[in-house]
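Here is a quick tour of one protein model. Have the sequence and the 3D view open while you read.

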Amino acid sequence: MKKRLQIILVSSLCLLFLSCYYDQIVEEEIPDIPIDQPISFGDDILPLFSIDGRDCTTCHDGRIANPDLTEGNAYNAIVPEYVILGDGENSEFFKNLPGNEHPVEAGFSLTTDEIALIKGWIDRGAENN
C-alpha cells in the first residue's frame with residue numbers, strides 16, 4: 001500500500017512539474033501610433049538603425065547584409081524593395097526587424113514602441129521626410 005502511494009505521489013509531482021513548461025513566448029502587441037503624432041524618417045526612423053549597443057549598420061552597411069541602413073543610403077535601400085507602401089504588417093522590412101522575425105540572431109531587439117513607430121511610418125506611406 002505504501003509503495004503504491006509513493007508511486008502515485010512521484011507520478012503526480014512529475015506531472016505537476018512537466019505541466020509548468022512553456023515553449024512559447026507570449027508576443028507583445030504592437031501599439032498603434034496616434035494619428036496626430038508625426039513620424040519623420042530622418043528624425044524618428046533613421047536614428048533607430050544606429051542606436052549605441054543596438055547598431056543595425058554593423059551588418060547592414062552595404063557590404064555584409066542588405067538593405068544598407070547607413071545614413072544617406074537607408075531610404076533608397078528600403079523603399080520600395082522591402083516596403084509595401086501603406087502596409088507595414090506585410091512589408092518584408094517590418095517582418096524582419098530585430099524583435100519580430102529577424103532572419104539571424106541580431107543580439108538585440110527593437111522595443112515594441114520602436115517597432116510600432118516603423119510600422120506606423122510604413123502604414124502612412126513610408127515618406128522620405
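Which residues form one aromatic cluster? In this predicted model, the cluster is made of F41, Y75 and W121.

**The aromatic cluster**

A pair of aromatic rings is described by the distance of the centres and the angle of the planes. Going by ring centres, the count of aromatic pairs in the model is four. One of them is F41 with Y75: the ring centres sit 5.3 Å apart and the planes meet at 75°, so this is an edge-to-face pair. F41 belongs to helix α2 (residues 41-45) and Y75 to helix α3 (residues 74-78), so the contact ties together parts that are 34 residues apart in sequence. Both F41 and Y75 are buried.

Y75 also pairs with W121, again edge-to-face, with 6.3 Å from centre to centre and 75° between the planes. Here the link runs from Y75 in helix α3 to W121 in helix α5 (residues 112-123), and the two residues are 46 apart in the chain. W121 is buried, as is Y75.

**The nonpolar core**

In soluble globular proteins, nonpolar side chains tend to be buried together. Which residues have the most contacts inside the largest nonpolar core? That core has 27 residues, and the best-connected ones are F41, I45, F49, I78, F93, I118 and W121. Helices α2, α3, α4 (92-95) and α5 each give two or more residues to this core. The largest share comes from α5, with six residues.

I45 is a handy place to zoom in. Leaving aside residues up to four places away in sequence, I45 touches I39, S40, L117, I118 and W121. W121 thus turns up once more: it is part of the aromatic cluster, and it is among the residues with the most contacts in the core.

**Salt bridges**

How many salt bridges does the structure hold? There are three, and the table puts them side by side.

| Pair | Closest N to O | Burial |
|---|---|---|
| R54 and E114 | 2.8 Å | both buried |
| D61 and R63 | 2.8 Å | D61 buried (17%), R63 exposed (72%) |
| D123 and K119 | 2.8 Å | D123 partly exposed (32%), K119 buried (15%) |

The R54 and E114 bridge joins side chains from two separate elements: R54 is in strand β2 and E114 in helix α5, so the pair ties together parts that are 60 residues apart in sequence. Both of its partners are buried.

The bridge between D61 and R63 has a buried partner and an exposed one. D61 has a relative accessibility of 17%, so it counts as buried, while R63 is exposed at 72%.

D123 and K119 make a bridge within one helix: both lie in α5, four residues apart, or about one turn of the helix. D123 counts as partly exposed, with 32% relative accessibility, whereas K119 is buried at 15%.

**Backbone oddities**

Most residues other than glycine have a negative phi, and most peptide bonds are trans. Where do you find the cis peptide bonds that precede P67 and P80? One joins N66 and P67, with omega about 0°, and P67 lies in the loop between β2 (54-55) and α3. Another joins V79 and P80, again with omega about 0°; P80 is in the loop between α3 and α4.

A126 is worth a look too, with a positive phi near 50° in a residue that is not glycine. It sits in the segment after α5. A126 is buried, and its relative accessible area is 0%.

**The first helix**

Is helix α1 covered or hardly covered? Hardly covered: among its 17 residues, the count of buried ones is zero. As for its length, 17 residues (2-18) at 1.5 Å a residue should span 24 Å, and the end C-alpha atoms are indeed 24 Å apart, so the two values agree.

Take L9, which lies in this helix. L9 is exposed, with a relative accessible area of 53%. Measuring in the viewer from L9 to G62, C-alpha to C-alpha, should give you 61 Å, for two residues that are 53 apart in sequence.

Note on methods:
Residues numbered from 1 in each chain as written. Predicted model: local features only at pLDDT ≥ 70, side-chain atom pairs only at ≥ 80, totals over all residues. Heavy atoms only, no water. Expected span 1.5 Å × (residues − 1). Buried < 20%, exposed > 50% of the residue type's maximum accessible area, 1.4 Å probe, protein only. Phe/Tyr/Trp six-rings, centres within 6.5 Å; stacked < 30°, edge-to-face > 60°. Core = buried A, V, L, I, M, F, W, Y, C linked by side-chain atoms within 4.5 Å. Contact = heavy atoms within 4.5 Å. Salt bridge = Lys/Arg side-chain N within 4 Å of Asp/Glu carboxyl O.
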